[in-house]
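Biologist: Before we begin, could the structure be put up, so that we can go through it together step by step?

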Amino acid sequence: MADLKKLAEEIVALTLLEAQELKTILKDEYGIEPAAGGAVMMAGPADAGGAAAEEQTEFNVILISAGASKINVIKEVRGITGLGLKEAKDLVEAGGKAVKEGVDKAEAEDIKAKLEAAGAEVELK
């Protein structure tokens, strides 16, 4: 049997680009599509009502806009995500995209502070 802990660590360490490539391989070669699971996970907190919002443990860091110093924001995004220059630039220019998803509150606040210091407008969800 495979070393599941090692496999989990490798999956967690993937960059966004590598994760996208893995998704494509799983879909094309094995017929595995994660879309149904994602929809179920997103519906969970909405069904729980207002109490779930107070007890939120995972946050998404959303880049609203790069502001005036786009180059500094791209540098920070690269450092946070491990993306290449082109991918980070595309993410920053698109706006409204998640820089990091499913992180704890302390890490989300830290990422938000770094991006705001670079001149970006950031939101936590």
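**The sheet and what packs around it**

Biologist: In what order do the three strands of the open sheet lie?

Modeller: This is a predicted model, in which local features need pLDDT of at least 70 and side-chain atom pairs count only at pLDDT 80 or more, while totals for chains, interfaces and linings use all residues. Residues are numbered from 1 along each chain as its sequence is written, and side-chain values use heavy atoms, with hydrogens and water left out. Strands here are DSSP runs (E, at least two residues), as helices are (H or I, at least four residues), numbered from the N terminus, and two strands pair if DSSP finds at least two bridges between them. The three strands pair in an antiparallel way, and the order of the open sheet is 2-1-3.

Biologist: Which strands stand at the edges of the sheet?

Modeller: An edge strand has a single partner strand, so one side of it is left without a neighbour in the sheet. That holds for strand 2 (97–103) and strand 3 (121–124).

Biologist: Which residue of strand 2 is the bridge partner of Val 61?

Modeller: Strand 1 and strand 2 pair in the antiparallel sense over four bridges. In strand 2, the partner of Val 61 is Lys 100.

Biologist: Is Leu 63 buried or exposed?

Modeller: Leu 63 lies in strand 1 (residues 59–65). Buried means under 20% relative accessible area, exposed over 50% and partly exposed in between, with a 1.4 Å probe and protein chains only. Because its relative accessibility is 0%, Leu 63 counts as buried.

Biologist: Which residues of helix 6 are buried, and why do they line one face?

Modeller: Seen down the axis of helix 6, the buried residues fall within an arc of 95° (taken from the directions from the helix axis to the C-beta atoms), so they line one face of the helix. Their cover includes helix 2 (16–30), strand 1, helix 5 (70–81) and strand 2. In helix 6 (residues 85–94), the buried residues are Ala 88, Leu 91 and Val 92.

Biologist: Which element gives the largest share of the largest nonpolar core?

Modeller: A nonpolar core is a set of buried Ala, Val, Leu, Ile, Met, Phe, Trp, Tyr and Cys residues joined through side-chain atoms within 4.5 Å. Of the 20 residues in the largest one, those touching the most other members include Leu 63 and Val 73. Two or more residues come from each of strand 1, helix 5, helix 6, strand 2 and helix 7 (105–117). The largest share, four residues, is that of helix 5.

Terms used:
Contact = heavy atoms within 4.5 Å.
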